[in-house]
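Good morning, and thank you for coming. I should like to take you through one structure, part by part. Please look at the sequence and the model as they appear.

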Amino acid sequence: MSKTIPAKPASILKLERELGFKLTSFPSRPQWNGESRQGFWLNRDGNVTGLILEEKELSSVAFLSDFPALTELILRDNQIADINPIAKLNQLQSLDLSTNQIADINSIAKLTQLLSLNLSWNQIA
């Protein structure tokens, strides 16, 4: 019996409704070509392991509780100040929060699997 993976998981459909725009389903992590991207990718089990939301004027990341399997998160060029919800993403390996309004980064210390971190162009004291 083969397992069918839906093109868009319920968590992505919910996020699209909350944000008011559609996300692209990438087969794997896309290479950055200078253009803004919004999308996600899945692992073999159908879990969302990558999420990109660039230049969307996001101020909250509370929606991340719906994505516990994330290993890569790109939220550059938004208006995010509070990153505490990210601390619960214990599988996160790569995080890009550049060009936001982040001042307190203490919650990132809980991300023990983190290998890559970009916090440039924030308000970190």
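In the hairpin formed by S2 and S3, 5 residues lie between the strands, and among them Gly-46 takes a positive phi near 90°. Please bear in mind that this is a predicted model.

The two strands of this hairpin, S2 and S3, run antiparallel and are joined by 5 bridges. Two of the pairings can be followed by eye. Leu-42 has Val-48 in S3 as its bridge partner, and Trp-41 stands opposite Gly-50 in S3. Both strands are mostly covered: in S2, 4 of the 5 residues are buried, while in S3 the count is 6 of 6.

Let us now widen the view to the sheet. How many strands does the open sheet have, and in what order do they stand? There are 6 strands, in the order S1-S2-S3-S4-S5-S6, and the pairing is mixed. As general background, strands of a sheet pair through backbone hydrogen bonds, either parallel or antiparallel.

Which strands stand at the edges? They are S1, residues 24-25, and S6, residues 116-118; each has a single partner strand, so one side of each is left without a neighbour in the sheet.

Moving across the sheet from S1, we find that S1 and S2 pair in the parallel sense over 2 bridges. Here Ser-25 has Phe-40 in S2 as its bridge partner. Beyond the antiparallel hairpin of S2 and S3, the pairing of S3 with S4 is parallel, over 3 bridges, and Ile-52 stands opposite Ile-74 in S4. S4 in turn runs parallel to S5, residues 94-96, and 3 bridges join the two. Within that pairing, the partner of Leu-73 is Leu-95 in S5.

I turn next to the helix H1. H1 lies across S2, residues 38-42, and S3, and runs at about 15° to S3. Which residues of H1 are buried? They are Ser-11, Ile-12, Leu-15 and Glu-16. Seen down the axis of H1, these buried residues fall within an arc of 140°, so they line one face of the helix. In general, an α-helix has 3.6 residues a turn, so residues three or four places apart point the same way. What covers the buried residues of H1 includes S2 and S3. On the other side of the helix, Ala-10 and Arg-17 are exposed. After H1 comes Gly-20, whose phi is positive, near 85°.

This brings us to the interior. The largest nonpolar core has 28 residues, and those with the most contacts inside it are Leu-51, Leu-64, Leu-73 and Ile-86. The elements that give two or more residues to this core are H1, residues 10-19, and S3, residues 48-53. S3 supplies the largest share, 3 residues.

Ile-86 deserves a moment on the screen. Leaving aside residues up to four places away in sequence, Ile-86 touches Val-61, Leu-64, Leu-73, Leu-92, Leu-95, Leu-97 and Leu-111. Two names in that list, Leu-73 and Leu-95, have already appeared as bridge partners.

Finally, I would draw your attention to two loop residues. The one is Glu-54, in the loop between S3 and S4, residues 72-74. Is Glu-54 buried or exposed? Its relative accessible area is 2%; the limit for buried is under 20%, so Glu-54 counts as buried. What does its side chain contact? The side chain of Glu-54 makes a polar contact with the side chain of Arg-76, at 2.3 Å.

The other is Leu-115, which is found in the loop between S5 and S6. Leu-115 has a relative accessible area of 74%, and because anything over 50% is classed as exposed, Leu-115 is exposed. Its C-alpha atom and that of Leu-75 are separated by 16 Å, and the two residues are 40 apart along the chain.

With that, I am glad to take your questions.

How values were computed:
Residues are numbered from 1 along each chain as its sequence is written. This is a predicted model: local features need pLDDT of at least 70, side-chain atom pairs count only at pLDDT 80 or more; totals for chains, interfaces and linings use all residues. Side-chain values use heavy atoms; hydrogens and water are left out. A nonpolar core is a set of buried Ala, Val, Leu, Ile, Met, Phe, Trp, Tyr and Cys residues joined through side-chain atoms within 4.5 Å. Buried means under 20% relative accessible area, exposed over 50%, partly exposed in between (1.4 Å probe, protein chains only). Contact means heavy atoms within 4.5 Å. A polar contact is a pair of N or O atoms within 3.5 Å; within protein, one must be able to donate a hydrogen and the other to accept it, and residues adjacent in sequence count only if both atoms are side-chain atoms. Two strands pair if DSSP finds at least two bridges between them. Axes are lines fitted to C-alpha atoms, for helices over the stretch in contact, and angles run from 0 to 180 degrees between N-to-C directions. The arc is that of the directions from the helix axis to the C-beta atoms.
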